[in-house]
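Q: Got a minute to go through this model with me? I'd like to start with the charged pairs and then move on to the strands, helices and rings.

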Amino acid sequence: EAFAYRQAAIFPQALISKQLKRIEDKEYGYEHIELERTEDGIEAKRSRKLPIMDFPVKKKLEDKTGVLVVWERPISNPEFGTYYASIDPVSEGKTTTSDSLCSIFVYKNPVEITRQTSDGLETFVEGDKIVAAWCGRYDDINKTHEQLELIIEWYNAWTLVENNISLFIQHMIAKRKQKYLVPKQQIVFLKDLGSNQNVFQEYGWKNTGTLFKNHLVSYAIEFVREEISQDTDEHGNVLSTTLGVDRIPDKMLLTEMMQYFPGLNVDRLVAFSALIAFAKLQQANRGYLKRKESDK
C-alpha cells in the first residue's frame, strides 16, 4: 500500500521540486536564532547551531535540539492575531527509539493595507507567509516546552496545539499563558467536520481517525497550488503566475510533502496542515487584518 501511494504522489511534485531549487539557490534569506528570556523581555541571538536536515531523523542521533529558523522576525509590538502558530508536540525527552520530533511553524496572516500617498489612497493586500520554524527536541522535555513558549511569545502568536499529547498545554496553563492557546471551540475545521465531539480537552485538536490524511492534508495541497498573483503584459496576456508554494521557505517541510504517504511519520506536515486549515477558515470567517499607512 505504501509503494502504491508513493507512485501516485499526493502533493504536486513538480511544483515542490521547483521550490526546493529556489531554496537551494538561496532565494530565501534566513537566520538561525536562539531565544533567551531577559529582564527586558525576549532576546534573539544568532546561533551557530544547524537545523535537523535528515528525514526521517536518525533515532540514535545524539543531539536532536535543532535550531529556530527565522525567515522574517516579528514586527514591532504585533497585534494579537497577526501571527498564528501550530505545534505537533512530543511526549518525552531523550529517546533513541523514536524518530518523532516536536515541530512548530509560525505563520504571518495577510494584511489589507490602506496607504495615503500623494496621489490619494491605495489599497493592497500584503500576502501571508511562513516566517519561522523549529523542529527538534531536548533531552529534558521542560526545555522543549520552554523553547515553544519563547517562540510563541516572541511572535505573540495565537497557537494551535495537537492535544493527543497534552503536556505542553498543561505547561502553558501552569504558567498562566493559556491566552496563547486556541480553544477547541474556535477551531472551525473541527466544527465543519463534526470531529473531536467526544474529546473533552479545552484547548487544541486531537488527531483521530482520518482527520489528518483525509481532510487536513487537502488544505496543505491547496496552499501549494493556490494562484497568488499574475504578471500580465499591456494586452492582458499572462506572463507568469505566482503560486502558493512560493510562501514555503522550509526545505524539510517540502521534503516531507515530497515523500508523504498515509502512515508515514510527518511531524512537520501535521503541524503545517493544521495551521493552514485553521488560518484559511479564520480568514473566511473574520476577513483580513487591516492597517493604515501614510507616505509621511
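Q: How many salt bridges are there in the whole structure?
A: A search of the whole structure turns up 23 salt bridges. Keep in mind that this is a predicted model.

Q: Okay, pick one. What does Lys280 pair with?
A: Lys280 meets Asp128 through their side chains, at 3.8 Å from N to O. The two come from distant parts of the chain, 152 residues apart. Asp128 sits in the loop between strand E7 (120–126) and strand E8 (129–136), and Lys280 is in helix H8 (residues 267–286).

Q: And Asp128, buried or exposed?
A: Asp128 is buried, with a relative accessible area of 9%. Lys280 counts as partly exposed, at 24% relative accessibility.

Q: What about Arg247, which residue does that side chain meet?
A: Glu226, in a salt bridge of 3.0 Å, N to O. Arg247 is in the loop between strand E11 (238–243) and helix H7 (251–259), while Glu226 is in the loop between helix H6 (211–225) and strand E10 (227–232), so the bridge ties together parts 21 residues apart in sequence. Arg247 counts as buried at 8% relative accessibility, and Glu226 is partly exposed at 26%.

Q: Which residues are linked in a network of salt bridges?
A: Glu72, Lys108, Arg115, Glu122, Glu126, Lys129, Arg291 and Glu293. One of the pairs is Arg291 with Glu293, whose side chains meet at 2.9 Å, N to O. Both ends are partly exposed: Arg291 is at 30% relative accessibility and Glu293 at 24%.

Q: Switching to strands. In what order do the three strands of the open sheet come?
A: E7-E6-E12, with mixed pairing. E7 and strand E12 (289–294) are at the edges with a single partner strand each, so one side of each has no neighbour in the sheet. Neighbouring strands are turned by 20° against each other on average, ignoring direction.

Q: How many bridges join E6 to E7?
A: Seven, and strand E6 (residues 111–117) runs antiparallel to E7. Val111 stands opposite Glu126 in E7. That same Glu126 belongs to the salt-bridge network.

Q: What does E4 pair with?
A: E4 is joined to strand E5 (residues 102–108) by six bridges, running antiparallel, and pairs with E9 in the parallel sense over four bridges. Ala85 stands opposite Val106 in E5, and Ser86 stands opposite Leu160 in E9.

Q: Why call E4 largely enclosed?
A: Because six of its six residues are buried, E4 is largely enclosed by the rest of the structure. Both faces are covered, with Tyr83, Ala85 and Ile87 on one side and Tyr84, Ser86 and Asp88 on the other.

Q: Helices next. How many of the residues of H3 are buried?
A: Twelve of the 15, so H3 is largely enclosed too. Charged and polar residues are on that list as well, including Glu149, Glu153, Gln147 and His145. Helix H3 (residues 141–155) reaches 22 Å from its first C-alpha to its last, close to the 21 Å expected.

Q: And where is the kink in H6 centred?
A: On Val217, with a kink of about 35°. Val217 is also among the buried residues of H6, which include Leu216, Ala220 and Ile221. End to end, the C-alpha atoms of H6 are 21 Å apart, which agrees with the span expected for its 15 residues.

Q: Last topic, the rings. How many aromatic pairs does the structure hold?
A: There are 14. Take Phe80 and Trp158: their ring centres are 6.4 Å apart and their planes are at 55°, so the pair is tilted. Phe80 lies in the loop between strand E3 (68–70) and strand E4 (83–88), and Trp158 is in strand E9 (residues 158–161), so the pair ties together parts 78 residues apart in sequence.

Q: Is Trp158 buried or exposed?
A: Trp158 is buried, with a relative accessible area of 10%, whereas Phe80 counts as partly exposed at 37%.

Q: Which rings are in the cluster with those two?
A: Tyr84, Tyr107, Tyr180 and Phe278 are linked with Phe80 and Trp158 through ring pairs. Tyr84 is one of the buried residues of E4 we went through above.

Terms used. Residues are numbered from 1 along each chain as its sequence is written. This is a predicted model: local features need pLDDT of at least 70, side-chain atom pairs count only at pLDDT 80 or more; totals for chains, interfaces and linings use all residues. Side-chain values use heavy atoms; hydrogens and water are left out. A salt bridge is a side-chain nitrogen of Lys or Arg within 4 Å of a carboxyl oxygen of Asp or Glu. Buried means under 20% relative accessible area, exposed over 50%, partly exposed in between (1.4 Å probe, protein chains only). Two strands pair if DSSP finds at least two bridges between them. Axes are lines fitted to C-alpha atoms, for helices over the stretch in contact, and angles run from 0 to 180 degrees between N-to-C directions. The expected span of a helix is 1.5 Å times one less than its number of residues. The bend at a residue is the angle between axes fitted to the seven residues ending there and the seven starting there. Rings of Phe, Tyr and Trp (its six-membered ring) pair if their centres lie within 6.5 Å; planes under 30 degrees apart count as stacked, over 60 as edge-to-face and the rest as tilted.
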